[in-house]
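The following exchange sets computed values against the definitions behind them. Please consult the sequence and the structure as you read.

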Amino acid sequence: MLPFLELCDLNVAYPPRKVIRGLSLQMPCVGIGCLLGPSGCGKTTLLRAIAGFEPLRQGSIRLEGIELSRVGWMQPPEQRRIGMMFQDLALFPHLTVTDNIAFGLRGWKAPERRARVNELLRLVELEEFAKRYPHQLSGGQQQRVALARALAPRPRLLLLDEPFSSLDVTLREDLAREVRTILLREGAGGLLVSHDQFEAFAFADEIGVLDEGRLRQWDNAYNLYHRPADRFVASFIGQGVLLPGQIGVDGRASTELGDIDGTPPAGCAAGDDVEILVRPDDVIHDDASPLKAEVAERAFRGAEFLYTLHLPSGARVLCLAPSHHDHPPGRRIGIRLNIDHVVMFRRNWSVTCIESPPVSKP
Amino acid sequence: MGIERWTLLVTGVALLLALPVFTVFFTALQPASDVWRHLVDTVLADYVLNSVTLMLGVGVGTLLIGVPTAWLTGVCEFPGRRWFEWALLLPMAIPAYIMAYTYTGLLDFAGPVQTLLRETFDWSRQDYRFPAIRSLPGATLMLALVLYPYVYLLARAAFLEQSAAVLEVSRSLGVGPWRRFLTITLPLARPALIAGMSLVQMEALADYGTVQYFGVSTFTTGIFRVWFGMNDATAAMQLAALLLLFVFTLLVCERLSRRQTRFHHTDQRTQRPPRLRLSGRWSWLATATCLIPLLCGFVIPAGQLLVWAWRTAPQMIDHRFLELAGHSLWLASGSALLILSLALLLGYGQRLRPRPLVRLAVRSAGLGYAVPGTVLAIGVMLPFAAIDRSVDSWTREWFGLSTGLLLSGTLFALLFAYSARFLPVALHSVEAGLTRIRPSMDDAARSLGSRPRAVLWRVHIPMLRSSLLTALLLVFVDVLKELPATLILRPFNFNTLAVRTYELASDERLADSASFALAIVLAGIGPVILLSRAISRVRPDHAPLS
């Protein structure tokens, strides 16, 4: 069977800057995906290329086996049957909710159009707001109108350009889940662009991590967290540090916190330097443990404390401890390592300690 | 392919509209004729001197009127302040040539002022000297009175933009109000003042009606004389090109200073300083400062027109008046619609294809507003006449028919000239409106299945409704007032209100011309009210309407 969405070796550029470099990606069947990355990684550009707003420098885009864009040619966006939800929503201020939703139904017969609009109003639960204008609605309601409008002409694929980023964190995840349900019900594919991993986790089955115009990994959320393909993914998804270690003769990696079982990176032999990804939940606070580390910082998180600990060598690890274990900075506390999924990288000169950026900004 | 169609269409239309300006420059490059040499030997120095004096005088005059009134109404509080805010714009409604007619009627020997003086003091002609209004200083005064609102508008906006923080800092550093005005307020507003003054000076250079009536020899009257009196198109063009050099210098000044105004743009959210409350003597002085330009620039001339019209209207308002009013009305509304459509086409095309070529073409079509009507008319006339001649000779050669004049001397030529001259007015509104529509609107409409043309109809035009109406009204009044290009290009026996006013005034039938003039002034009040509404919306002591 032909893949649903196929991006082949894409290059997109705003001269002189290359925004997307040699990116390939396949969504095998109608599903829900997400492009995740820091701002400026090219994710919005990629979305606009799929929608037909940006020309390609190289490569091709196919949807259901039909070519949409190639070098020097692109199908106009109005013919693609790809819906898009914009970051600023782009609701037409001069049209009512009903007329906004009906905007894309121009060729439809009046009764069908009316039926479709009503169906969508019901779907997004805005029936009593049908005659309002966008500025008379709350932020969340506007999001729903934008969603209904994009879905009205039954697009094959819906592109979402950070449409929830203006909402606060909790509402954002709720809405992402809600949109996911609606998309599944409509049988449309979805592709979200986001810089917020929790939004991505709530929304998508599969997530692609983008960095500087390159796709680092395309996988489900669990694997991105527990089996990151490279350092960038490891640092971008979740929190953690890379703890230095050395491959022993037995193939285990010896570290300051003890020996760790795991598959060494390809091409690593005994005696090679490696780094092991240690997540905060891999470090267990245990007063009985002979291993001690000094509290450098502590951050109260409600149910737990996030401790930043200094090991005797000067290396740092993060540790999540239940919040009744309250230790001031400077105190030495016992810890032990309990890693379920060992992720090892060959030691790199430049980076020895990484931490993810703040979880999310409102 | 659709892509190239838009590029071609927009570039083509834009370049066509820039044709008159290009014509002037290319014709001016031709070798100098005897007439030109004669001009250089005799009157050219006068033209340059008078034009430059006029330009500088009007510039200084508008600054002297516009800046104090803008500062008083923008920053201070005094009796009548709110009312002056918009009333100070009223002189814009009166074309400079009509101002010149009314003041001539008031101030010349037989006018009420001199008559009153003679009767009161029992003087006769030799006993006193009264400054002649029909002179270069007179023309300067007339132009300054109608043009100061440009400076007023820009200066006021600049004063209002200045944040409270800057003024508070200076206060905390112990600077008094007078020094604050000189060392902070004025320098910060300088780019806006220069921009306003350049605009005004361009208008002053472009004026034909006033200087012609006052008998002051400037570039514009010179061009007229060389073209129609000496019948030398090339020399007229060379004069025109020289004038355009002055104009473009001003244009560059204006553009450069506008660019600087952006650096001074402060955060909208910063608090506006409280108004400076004037009291006692100072408040009366402020009221007087604002009242004088209003009286001289609007109340007195409009009153004079009313008095005249009261006397002469019964004879003047007949079927011919109605016919002329009809001509003016449909010419103005027709060209306003045409120009608005062109502006939409160019504005939207530029948004659709933001390529350097398209942008350059649209910019060059926008040059027309800097080009005096006289020059522009000639720039239209020459290529049209050339086309007429070649078509005529071609059909005569092949079919033995003479086609005569196809383009020149037709309404088409007039509409074309108006389009080239006033397109920028409409384009400015359209572009300003379009930039307020986020690009994601276009993308959203496209992704919902609308083609670019449908996007324009279904999204942009409805969203731009109010800017389009403003543009329509502004162009309508500009066309209604326009004098020199209409004089040159109108079809034989085709008359408008403006032309008739000019003809009657030239025949020294000032009182008879009043009805026609008054009709123009009344029409001109419309856009002034629109403008005043727009400025009252940025009034600092009211929350902005959102």
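The questions below concern chain B, its contact with chain A, and a sheet of chain A.

This is a predicted model, in which local features need pLDDT of at least 70, side-chain atom pairs count only at pLDDT 80 or more, and totals for chains, interfaces and linings use all residues. Residues are numbered from 1 along each chain as its sequence is written, while chains are lettered from A and ligands numbered from 1 in the order in which they are written.

Q: Why is B:W178 called exposed?
A: A residue is exposed if 12 or fewer other C-beta atoms lie within 10 Å of its own, buried if 20 or more do, and partly exposed in between, with C-beta atoms placed from the backbone. B:W178 has 8 such atoms within 10 Å and is therefore exposed. The residue is found in helix α9 (residues 177-206) of chain B; helices are DSSP runs of H or I with at least four residues, and strands are runs of E with at least two, numbered from the N terminus.

Q: What makes the radius of gyration of chain B agree with that of a compact globule?
A: The radius is taken over C-alpha atoms, and the globule rule is 2.2 Å times the number of residues to the power 0.38. For 546 residues the rule gives a value near 24 Å; chain B has 25 Å, which agrees. Of these 546 residues, 46% count as buried.

Q: How do you know that the span of helix α20 (residues 465-481) of chain B agrees with its length in residues?
A: The expected span is 1.5 Å times one less than the number of residues. The 17 residues of α20(B) should therefore span 24 Å, and the end C-alpha atoms are 25 Å apart, which agrees. Among the buried residues of α20(B) are B:L468, B:F476 and B:D478.

Q: Which residues count as in contact between chain B and chain A, and how many does each chain give?
A: Two residues are in contact if their C-beta atoms, placed from the backbone, lie within 7 Å. The contact takes 14 residues from chain B and 18 residues from chain A. On the side of chain B, α18(B) gives the most, with six residues.

Q: Why are β14 (258-260) and β21 (344-346) of chain A said to stand at the edges?
A: Two strands pair if DSSP finds at least two bridges between them. The open sheet has the order β14-β13-β12-β15-β21 (chain A), with antiparallel pairing. β14 and β21 each have a single partner strand, so one side of each is left without a neighbour in the sheet.

Q: What makes β12 (residues 241-247) and β13 (residues 253-255) of chain A a pair?
A: Three bridges join the two strands, which run antiparallel, and the requirement is at least two. A:G245 stands opposite A:T255 in β13(A).
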